[in-house]
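Colleague: I should like to learn how to read the local features of a model such as this one. Could we begin with the terms and then turn to the cases?

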Amino acid sequence: MEISYWQSRWRKNNTGWHMDDVYPPLPQIWEQASFKADATVLVPLCGKSMDLHWLADHAQHVIGVEVSQKALQQVIQKHPEHFSKDTSHGFTVYRSQSMELWEGDFLTLPTSEITPPDVIYDKAAIVALPPDVRAEYAQKLIDCCGENTQILLQTFEYKQDEMNGPPFSVEEDEIRQHFAKEFSLRLMYEQSKFNKLRKFQQRGLSSYLREKIFLLEPL
Ligand SMILES: C[S@@+](CC[C@H](N)C(=O)[O-])C[C@H]1O[C@@H](n2cnc3c(N)ncnc32)[C@H](O)[C@@H]1O
């Protein structure tokens with residue numbers, strides 16, 4: 001998916017992936033994973049997700065990266081803190097006490113300018129990307145990691161020939177291909193979403209739809 005595809009969706013307010021509340025499995029998974037209360041969390045392809053605010057309340061520092069200015073303006077409007085505005089390496093960067101929002105292409109994020117996160121939170125991010133970009137995206141996540149960074153990664157699995165992405169089907173085998181050299185994989189959550197996300201049936205999905213969340217822990 002080209003950046004222009006996403007910009008056009010934001011322009012038309014065609015943001016059907018957005019949830020008005022926090023992603024339901026997040027609080028429980030956060031607790032199960034026992035992340036530190038003073039964690040720094042990186043949220044690639046963050047959109048205007050309510051999870052950013054939840055994470056800011058449950059961790060120390062949240063770094064969101066998103067190409068859409070419109071999305072980030074809405075995050076800023078909802079957040080109670082004051083934001084300063086700066087530029088760095090071609091990105092516009094908005095900073096508050098608990099949040100840092102980088103506006104630009106995540107694949108070109110200057111990793112040396114980012115605090116190595118304790119947690120990377122990928123929600124509707126790897127599944128937003130077509131197969132030919134995912135290896136580069138996965139490598140970028142790895143490049144952002146410090147020694148002890150853990151990654152939460154949300155995926156969908158379905159028969160790709162039944163429906164066009166996004167969201168794309170990203171099989172567990174593919175996740176292993178991208179990450180198994182450096183990380184172990186723990187399945188934290190698995191649910192059938194076939195009957196819950198009926199809009200996908202209107203797009204052709206007819207067999208199954210599984211949603212999974214993995215915790216990747218450094219080896
Ligand atoms: C499916 S949405 C998910 C947004 C958010 N994670 C959520 O759960 O609401 C994907 C988001 O990624 C953004 N995006 C796509 N490619 C990007 C890139 N290369 N760099 C930064 N943001 C990107 C899009 O603008 C869009 O907001």
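Modeller: A residue counts as exposed when its relative accessible area is over 50%, as buried when that area is under 20%, and as partly exposed in between. Please keep in mind that this is a predicted model. H89, with a relative accessible area of 54%, is therefore exposed. H89 belongs to the loop between β3 (84-88) and β4 (91-95).

Colleague: What is the phi of H89, and what kind of value is it for a residue other than glycine?

Modeller: Phi of H89 lies near 50°, which is a positive value in a residue other than glycine. A124 is another case: its phi is positive, at about 55°, although A124 is not a glycine. A124 sits in the loop between β6 and α5. Its relative accessible area of 26% makes A124 partly exposed, because that value falls between the two cut-offs.

Colleague: Which peptide bonds are cis, and what are their omega values?

Modeller: G165 and P166 are joined by a cis peptide bond with omega of about -5°. The bond from P166 to P167 is also cis, with omega near -5°. P166 is placed in the loop between β7 (150-157) and α6, and P167 is likewise in the loop between β7 and α6.

Colleague: Which residues does W6 touch, leaving aside those up to four places away in sequence?

Modeller: With that exclusion, W6 touches P166, together with M1, W17 and A128. W6 is part of helix α1 (residues 3-11). Its relative accessibility is 15%, so W6 counts as buried. As a contrast in distance, W6 and R186 stand 180 residues apart in sequence and 31 Å apart in space, C-alpha to C-alpha.

Colleague: Is K193 buried or exposed?

Modeller: K193 counts as buried, because its relative accessibility is 12%. K193 is located in the loop between β8 (183-192) and α7 (199-202). Not counting residues up to four places away in sequence, K193 touches L209 and E211.

Colleague: How should one read the burial of a whole helix, and how many residues of α3 are buried?

Modeller: One applies the cut-off of under 20% to each residue in turn. Six of the eight residues of α3 are buried, so α3 is largely enclosed by the rest of the structure. The buried residues of α3 are D51, L52, H53, W54, L55 and A56. Their cover includes α2, β1, β2 (61-66), α4 (69-78), β5 and β6.

Colleague: At what angle do α2 and α3 pack?

Modeller: Helix α2 (residues 26-33) and helix α3 (residues 51-58) pack at about 35°, and their axes are 12 Å apart. The crossing of α2 with α3 is right-handed. On the α2 side L26, P27 and W30 take part, meeting D51, W54, L55 and H58 of α3. The residues of this contact divide into five nonpolar, one polar and one charged.

Colleague: How do α5 and α6 lie with respect to each other?

Modeller: The axes of helix α5 (residues 131-144) and helix α6 (residues 172-179) cross at roughly 50° and come within 9 Å. The two helices, α5 and α6, are therefore oblique to each other. Their crossing is right-handed. R134, A135, A138, L141 and I142 of α5 meet E174, H178 and F179 of α6. This contact is made up of five nonpolar residues, one polar and two charged.

Colleague: What is the idea behind a salt bridge, and how many are counted?

Modeller: Side chains of opposite charge can pair when their charged atoms come close. The count here comes to 11 salt bridges. One of them joins R134 and E174, whose closest N and O atoms are 2.8 Å apart. This pair links distant parts of the chain, with R134 in helix α5 and E174 in helix α6, 40 residues apart. Both R134 and E174 are buried. Elsewhere, salt bridges that share partners join E157, E172, R176, E190, R210 and K212 into one network.

Colleague: Which side chains meet K36 in salt bridges?

Modeller: K36 meets D38, at 3.9 Å from N to O, and K36 also meets D118, at 3.4 Å from N to O. The pair of D118 and K36 links distant parts of the chain: D118 is in the loop between β5 (99-103) and β6 (119-122), K36 is in the loop between α2 and β1 (40-44), and they are 82 residues apart. Each of the three counts as partly exposed: K36 at 46% relative accessibility, D38 at 42% and D118 at 23%.

How values were computed
Residues numbered from 1 in each chain as written. Predicted model: local features only at pLDDT ≥ 70, side-chain atom pairs only at ≥ 80, totals over all residues. Heavy atoms only, no water. Axes fitted to C-alpha atoms, helices over the stretch in contact; angles between N-to-C directions. Helix = DSSP H or I, 4+ residues; strand = E, 2+ residues; numbered from the N terminus. Left-handed = near helix turned anticlockwise from the far one by under 90°. Contact = heavy atoms within 4.5 Å. Nonpolar A, V, L, I, M, F, W, Y, C, P; charged D, E, K, R; others polar. Parallel < 35°, antiparallel > 145°, perpendicular 65-115°, else oblique. Salt bridge = Lys/Arg side-chain N within 4 Å of Asp/Glu carboxyl O. Buried < 20%, exposed > 50% of the residue type's maximum accessible area, 1.4 Å probe, protein only.
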